[in-house]
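These are my notebook entries on one protein model. I looked up its overall make-up, then its aromatic rings, then a few single residues.

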Amino acid sequence: MTRLLIVGGSDAGISAGLRARELAPDVEATLVVADAYPNYSICGIPYHLSGEVPDWHSLAHRSRADLEAAGLELLLCHTARHIDPAARKVTVTDPNGTEQALAYDTLVVATGATPFRPPITGLDRLRAAEGVHLLHTMDDTFAVADTLARRPAGRALIVGAGYIGMEMADALTSGAWRSPWSKPCPRCSPPSTPTSPPSVEAALAGQGVEVVTNTTVTEIRHTAHGLQVAGANGFARSAELV
Ligand SMILES: Cc1cc2nc3c(=O)[nH]c(=O)nc-3n(C[C@H](O)[C@H](O)[C@H](O)COP(=O)(O)OP(=O)(O)OC[C@H]3O[C@@H](n4cnc5c(N)ncnc54)[C@H](O)[C@@H]3O)c2cc1C
């Protein structure tokens, strides 16, 4: 029997495990997952934060029971630390730091990516407690939800207007947050992208979103009066959530 070890339990890891079991039902598939949320829809995070998907559990494509019924063994809240290709072993640790060595015949590394932290002064120090967030994992999601809940009204500044920035601008100015978080306006600040088509800007403006283009954010400071965000060409805004 082949021992398939998969590190990562999001889209890539789960797909690999399910497909392997489909092609070879006798494969013994184990997934090591750093967090407690296997097979969650990361793409759905903005829709949970908007209130359109009120229960975060609904973001799961499949429940843990579904995955186990499909023959996947899940080792949640375990982090892979070391691969020994010669011995075909992966060392993992649990939240207490206890080590365990897992043997494999075939290894799939499906650990995704980590958000890029642009060189913005202050970004390395400021965290969710100060209202500064990255958005990638379910834990990031809970942290943003906590900031929103702690400050039921305020200004949000979104750095970056790719699709995630746009989805979050929409999420914060529609649904449950429409009135409290739309005045004053959240702001999108794509650092160096071309000007958005007028129709997109107009639609966002209609929702109370100020779009600032061709502006590189250079500094975020936490002050007694909230977060102060500065950028090129004299850009300066204050916000409670970045
Ligand atoms: C807010 C947001 C919205 C998005 N919306 C869309 C969309 O609408 N459409 C679209 O196509 N894409 C969207 N994406 C992108 C999409 O979510 C990613 O492309 C996809 O999640 C990548 O899947 P992955 O399995 O490669 O990695 P990830 O989803 O990053 O998962 C990595 C997995 O590896 C685990 N892991 C990491 N390191 C270790 C370790 N050392 N040990 C054990 N486990 C580890 C993590 O716990 C996790 O389970 C969105 C992303 C975000 C952040």
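**Entry 1. Overall make-up**

I took helices and strands as DSSP runs, helices being H or I over at least four residues and strands E over at least two, numbered from the N terminus. The model is a predicted one. On that reading I counted 7 helices and 13 strands in the protein. The C-alpha trace spans about 60 × 35 × 35 Å along its principal axes.

I then looked up burial and surface. The protein has 242 residues, and 38% of them count as buried. Its accessible surface comes to about 12400 Å², and carbon and sulfur atoms account for 55% of that. For the charges, I found 19 positive and 25 negative, with mean positions 6 Å apart.

I also asked how contacts are spread along the sequence. Among contacts between residues at least 6 apart, 58% join residues at least 24 apart.

**Entry 2. Aromatic rings**

How many aromatic pairs does a search of the whole structure find? I recorded 5. A pair of aromatic rings is described by the distance of the centres and the angle of the planes. For Tyr 37 and Phe 142, the centres are 5.6 Å apart and the planes stand at 65 degrees; the cut-off for edge-to-face is over 60 degrees, so this pair is edge-to-face.

I noted where the two partners sit. Tyr 37 belongs to the loop between β2 (28-32) and α2 (45-49), whereas Phe 142 is in helix α4 (residues 138-150), so that the pair links parts of the chain 105 residues apart. Is Tyr 37 buried or exposed? Tyr 37 counts as buried because its relative accessibility is 16%, under the 20% limit. Phe 142, at 23%, counts as partly exposed.

Phe 142 has a further partner. Trp 56 pairs with Phe 142 edge-to-face, at 4.9 Å between centres and 70 degrees between planes. This pair also links distant parts of the chain, with Trp 56 in the loop between α2 and α3 (64-69), 86 residues from Phe 142 in helix α4. Trp 56 has a relative accessible area of 25% and is therefore partly exposed. I entered Tyr 37, Tyr 40, Trp 56 and Phe 142 as one aromatic cluster.

**Entry 3. Thr 147, also in helix α4**

I stayed with helix α4, where Thr 147 lies. Thr 147 counts as buried because its relative accessibility is 0%. Which residues does Thr 147 touch, not counting those up to four places away in sequence? I listed Ala 128, Gly 131, His 133, Glu 240 and Leu 241.

**Entry 4. Helix α5**

I next listed the buried residues of helix α5 (residues 163-172): Gly 165, Met 168, Ala 169, Ala 171 and Leu 172. They lie on the same side of α5, because they cover an arc of only 160 degrees around the axis. An α-helix has 3.6 residues a turn, so residues three or four places apart point the same way.

I looked at Gly 165 of this helix individually. Its relative accessibility is 9%, so Gly 165 counts as buried. Leaving out residues up to four places away in sequence, Gly 165 touches Ile 158 and Gly 160. I also noted a C-alpha to C-alpha distance of 9.4 Å between Gly 165 and Pro 46, which are 119 residues apart in sequence.

**Entry 5. Strand β11**

Thr 218 is placed in strand β11 (residues 217-223). At 37% relative accessibility, Thr 218 counts as partly exposed. Its C-alpha is separated by 7.3 Å from that of Pro 119, a residue 99 places away along the chain. Beyond its neighbours within four places in sequence, Thr 218 is in contact with Pro 119, Ile 120 and Thr 121, and also with Ala 230, Gly 231 and Ala 232.

**Entry 6. Positive phi values**

Most residues other than glycine have a negative phi, and most peptide bonds are trans. I therefore noted Cys 77, a residue other than glycine whose phi is positive, near 55 degrees. Cys 77 is found in the loop between β3 (72-75) and β4 (79-84). Its relative accessibility of 30% makes Cys 77 partly exposed.

I entered Asn 233 as well, with a positive phi near 60 degrees. Asn 233 lies in the loop between β12 (226-231) and β13 (236-239). Is Asn 233 buried or exposed? Its relative accessible area is 75%, so I recorded Asn 233 as exposed.

Note on methods: Residues numbered from 1 in each chain as written. Predicted model: local features only at pLDDT ≥ 70, side-chain atom pairs only at ≥ 80, totals over all residues. Heavy atoms only, no water. Buried < 20%, exposed > 50% of the residue type's maximum accessible area, 1.4 Å probe, protein only. Contact = heavy atoms within 4.5 Å. Areas by Shrake-Rupley, 256 points an atom, 1.4 Å probe, with all protein chains shown as cover. Lys, Arg positive; Asp, Glu negative; His and termini not counted. Charge placed at Lys NZ, Arg CZ, Asp CG, Glu CD. Phe/Tyr/Trp six-rings, centres within 6.5 Å; stacked < 30°, edge-to-face > 60°. Arc of directions from axis to C-beta.
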